[in-house]
Amino acid sequence: QVRLVESGGGLVQPGGSLRLSCAASGSRFSIGTMAWYRQAPGKERELVAGIISGGSTNYADSVKGRFTISRDNAKNTLYLQMNSLKPEDTSVYSCNAAIRDWGSSRYLEVWGQGTLVTVSS
């Protein structure tokens, strides 16, 4: 079974920075598109940023210019560099990836458990 494990969340003051990581573990799998989502209490889950295997990215308007998504395919790891953080960025951030097990002919979406980011003074 393939697992996604996020790390790097925590408490930061407004204007500060954090870098989130999402590591995929398992065996005999390939990773396609990866993305970061977030969900604050009482709100719907929203797409923060996505990145395809070739490196092309897209961002939610609310984080453009502040967040950067990247990936290290050799390490099967996804990153989200978050700068100029605002209180409204407070949320649980979850990693999502399209993963194909060698025993399957199609990609399936896999989710991490999430990591909490709190932006407060």
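Are C22 and C95 buried or exposed? Select the two cysteines and you have your starting point: both C22 and C95 are buried. Keep in mind as you go that this is a predicted model.

**Stop 1: the disulfide**

With the pair still selected, show the sulfur atoms. A disulfide joins C22 to C95, with an S to S distance of 2.1 Å. The structure holds 1 disulfide. C22 belongs to strand 3 and C95 to strand 9, so this link ties together parts that are 73 residues apart in sequence. Turn the view until you look across the S-S bond: the angle about it is -80°, and the link of C22 and C95 is left-handed.

**Stop 2: the sheet around strand 3**

Now switch to a cartoon view and follow strand 3, residues 18–25. Strand 3 is part of an open sheet of 4 strands, in the order 1-3-8-7, with antiparallel pairing. The edges are strand 1 (3–7) and strand 7 (67–72), each of which pairs on one side only. From one strand to the next, the twist averages 15°. As general background, the strands of a sheet pair through backbone hydrogen bonds, in either a parallel or an antiparallel way.

Walk across the sheet from the strand 1 edge:

- Strand 1 and strand 3 run antiparallel and are joined by 5 bridges. To see one position, select R3, whose bridge partner in strand 3 is S25.
- Strand 3 and strand 8 also run antiparallel, with 6 bridges between them. Here, select L18 and look for its bridge partner M82 in strand 8.
- Strand 7 and strand 8 pair in the antiparallel sense over 6 bridges. Select I69 and you will find L80 of strand 8 standing opposite.

Pause on strand 8 and add a surface. Of its 6 residues, 5 are buried, so strand 8 is largely enclosed by the rest of the structure.

Then look at the connection between strand 7 and strand 8. The two form a hairpin with 4 residues between them. Select N76 in this turn, which has a positive phi of about 55°.

**Stop 3: the salt bridges**

Time to colour by charge. Side chains of opposite charge can pair when their charged atoms come close. The count for this model comes to 4 salt bridges.

Which residues are linked in a network of salt bridges? Select R38, E46, R66 and D89, which are linked in that way. Centre the view on D89, a buried residue with a relative accessible area of 1%.

From D89, go to R38: their side chains meet in a salt bridge, 3.0 Å from N to O. D89 sits in the loop between strand 8 (77–82) and strand 9 (91–101) while R38 is in strand 4 (residues 29–39), so the pair ties together parts that are 51 residues apart in sequence. R38 is buried too, with a relative accessible area of 6%.

Return to D89 and go to R66. This salt bridge has its closest N and O atoms 2.7 Å apart. It links distant parts of the chain, because R66 is in the loop between strand 6 (57–59) and strand 7, and D89 in the loop between strand 8 and strand 9, 23 residues apart. R66 is buried, with a relative accessible area of 11%.

**Last stop: K64 and D61**

Finally, select K64 and D61, whose side chains meet in a salt bridge of 3.1 Å, N to O. D61 is exposed, with a relative accessible area of 66%, whereas D89 is buried.

Definitions and conventions: Residues are numbered from 1 along each chain as its sequence is written. This is a predicted model: local features need pLDDT of at least 70, side-chain atom pairs count only at pLDDT 80 or more; totals for chains, interfaces and linings use all residues. Side-chain values use heavy atoms; hydrogens and water are left out. Two strands pair if DSSP finds at least two bridges between them. Axes are lines fitted to C-alpha atoms, for helices over the stretch in contact, and angles run from 0 to 180 degrees between N-to-C directions. Buried means under 20% relative accessible area, exposed over 50%, partly exposed in between (1.4 Å probe, protein chains only). A disulfide is a pair of cysteine sulfur atoms within 2.5 Å.
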